[in-house]
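Grab a pencil and work through these exercises with the structure open beside you. Try each task before you read its solution.

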Amino acid sequence: MDFFISHYNYWIVIFLMMVGLYTVINRGNLIKKIIGLNIFQVSVFFLYISMGAVKDGAAPIITEGVKLYSNPLPHVLILTAIVVGVATTALGLALVVRIKESYGTIEEDEIHEMDHSL
Amino acid sequence: MKRNPILRIVAKFLIPLIILFALYVQFHGDFGPGGGFQAGVIFSAALILYALVFGLDAAEKIIPPHILRLLASAGVVLYASVGVIPLFLGANYLDYSVLGSTQIKGQHLGILLVELGVGMTVTAVMLIIFFAFAGRGRP
Amino acid sequence: MIDLIINIILLAFLAITAVAIIRSTNLFASIMLFGIFSLLSATLFVVMDALDVAFTEAAVGAGISTILMLTTLVLTKNHNEKRSHAHRPWLSLAVVIITGMVLVYGTLDIPGFGDPAAPANMHVAQYYINNALPETGVPNIVTAVLASYRGFDTLGEVAVIFTAGVAVLLLLGGKPSIPNSNSNPGINKKREEDET
């Protein structure tokens with residue numbers, strides 16, 4: 001039971017990661033694919049933050065009388081990753097808008113049909 | 001949205017508070033949670049709320065697109081140039097310790113300026129992105 | 001203890017929301033659920049003591065990225081996903097399940113959640129916690145590491161954000177081109193060349 005509780009976070013992370021991966025592979029709609037990528041991304045954030053968490057640790061802001069802090073390094077990495085993530089998501093969505101304007105659809109198989117690819 | 005008085009009044013009430021909070025997060029980031037990334041995003045959220053309620057044209061009157069582009073590049077330049085100054089003072093790139101009379105004062109000044117650069121770029125880029133998307137739907 | 005219970009319940013909510021997102025064929029519903037997903041993750045970051053991250057996630061995930069997705073939905077005028085039969089769910093499900101099982105096997109060796117003696121918490125993190133205040137005078141260690149110790153990294157991140165803004169401006173900044181009309185002959189000409 002202890003093992004289950006101490007690894008529960010990682011298993012949920014893997015579940016979320018796989019949900020995101022499944023959406024990217026299986027769904028043909030481009031907006032849905034981007035949502036899937038975002039779910040994948042959030043799961044990676046949780047992996048990092050879970051690794052940095054310390055039991056009974058305080059948030060990493062130095063306060064008098066507190067001895068144990070969480071690991072600040074994953075927080076720094078993920079903080080910047082979130083903002084970079086939204087910028088790249090916006091880039092992906094901009095591409096979706098341009099695809100819609102040129103092809104008239106955002107369904108993957110219809111685009112393949114128009115291009116005679118696949 | 002033009003005929004929705006509740007939304008307009010609530011937005012008018014909230015936007016100054018959001019901007020104030022963004023400034024607090026920007027300049028109090030050394031002591032509490034916060035910093036340039038968060039402040040930039042909160043600041044742009046205030047202006048996006050304004051654009052959603054009062055229309056894109058009104059929002060572009062407050063911050064014209066060319067100023068946004070200037071702001072976005074100015075943030076990166078500010079960050080990079082704060083890094084260059086220590087080079088002339090005989091220290092490494094981005095080593096703020098030599099900026100002030102003591103190490104701690106120098107670090108404080110360096111961190112403040114760098115966070116300001118980050119805040120400027122993030123605010124401007126988020127607004128550029130939103131305006132680009134919203135402007136595309138304009139007839 | 002109460003932290004751990006909240007953590008477990010919220011993570012379960014997160015998993016349920018993720019499944020609801022991919023099961024819904026209405027894109028509007030998916031996007032709103034994604035907003036809820038981001039808000040839940042922000043709450044979880046607070047539970048795991050990552051206040052700065054929670055802050056950012058609440059503003060970015062639940063605010064800006066939801067708005068950008070909704071704007072895209074308006075621009076593409078496509079509110080329902082079309083389920084095609086070309087995609088075989090069993091094949092992708094098999095790929096996903098096998099990958100997931102390999103990853104779960106990998107977690108068996110990871111130190112447990114919240115272990116203060118985990119290798120990740122031993123090396124450079126201890127240096128930051130002990131020296132951030134005397135060396136930089138900034139009580140918030142995350143800010144000290146972000147702006148000072150890892151300043152060059154952050155400069156790179158800012159450059160990435162700036163580049164993404166420039167790229168979006170290049171893609172969407174100009175006048176929209178309408179396909180199959182004479183207003184923009186360049187694109188139509190290219191289409192004809194592609195077809196021949």
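**Exercise 1. Which backbone nitrogen does a side-chain oxygen of A:Asn71 reach at the start of H3(A), and what comes just after the helix?**

Step 1. Keep in mind that you're looking at a predicted model. At the start of H3(A), find A:Asn71: a side-chain oxygen of this residue comes to within 3.1 Å of the backbone nitrogen of A:Leu73.

Step 2. Now follow the helix along. H3 of chain A covers residues 72–103, 32 residues in total, and its first and last C-alpha are 46 Å apart, close to the 46 Å expected at 1.5 Å a residue.

Step 3. Just past H3(A) sits A:Gly104, with a positive phi of about 80°.

Step 4. Check how covered the helix is: 23 of the 32 residues of H3(A) are buried, so "mostly covered" fits, given that buried means under 20% relative accessible area.

**Exercise 2. Work out which residues are linked with A:Glu101 in a network of salt bridges.**

Step 1. Start inside chain A. A:Arg98 makes a salt bridge with A:Glu101, with 3.8 Å between the closest N and O atoms. These two are three residues apart in helix H3 of chain A, so about one helical turn separates them.

Step 2. Look across to chain B. The side chains of A:Glu101 and B:Arg136 also meet in a salt bridge, at 2.6 Å from N to O. This pair crosses between chains, running from helix H3 of chain A to helix H5 (residues 103–136) of chain B.

Step 3. Put it together: A:Arg98, A:Glu101 and B:Arg136 form a linked network of salt bridges.

Step 4. Compare accessibility. A:Arg98 is partly exposed at 28%, A:Glu101 is buried at 15%, and B:Arg136 is buried at 6%.

**Exercise 3. Which helices do A:Glu108 and A:Lys33 lie in, and how many residues apart in sequence are the parts they tie together?**

Step 1. The two side chains meet in a salt bridge, 3.6 Å from N to O.

Step 2. A:Glu108 belongs to helix H4 of chain A and A:Lys33 to helix H2 of chain A, so the pair ties together parts 75 residues apart in sequence.

**Exercise 4. Describe the contact between chain A and chain C.**

Step 1. Chain A brings 79 residues and chain C brings 91.

Step 2. About 8000 Å² is buried between chain A and chain C, with carbon and sulfur atoms giving 75% of that.

Step 3. Look for charge pairs: zero salt bridges turn up across this interface. There are, though, 19 residue pairs in polar contact between chain A and chain C.

How values were computed. Residues are numbered from 1 along each chain as its sequence is written. Chains are lettered from A and ligands numbered from 1 in the order in which they are written. This is a predicted model: local features need pLDDT of at least 70, side-chain atom pairs count only at pLDDT 80 or more; totals for chains, interfaces and linings use all residues. Side-chain values use heavy atoms; hydrogens and water are left out. Helices (H or I, at least four residues) and strands (E, at least two) are DSSP runs, numbered from the N terminus. The expected span of a helix is 1.5 Å times one less than its number of residues. Buried means under 20% relative accessible area, exposed over 50%, partly exposed in between (1.4 Å probe, protein chains only). A polar contact is a pair of N or O atoms within 3.5 Å; within protein, one must be able to donate a hydrogen and the other to accept it, and residues adjacent in sequence count only if both atoms are side-chain atoms. Contact means heavy atoms within 4.5 Å. Buried area is the accessible area (1.4 Å probe) that two parts lose on being put together, summed over both. A salt bridge is a side-chain nitrogen of Lys or Arg within 4 Å of a carboxyl oxygen of Asp or Glu.
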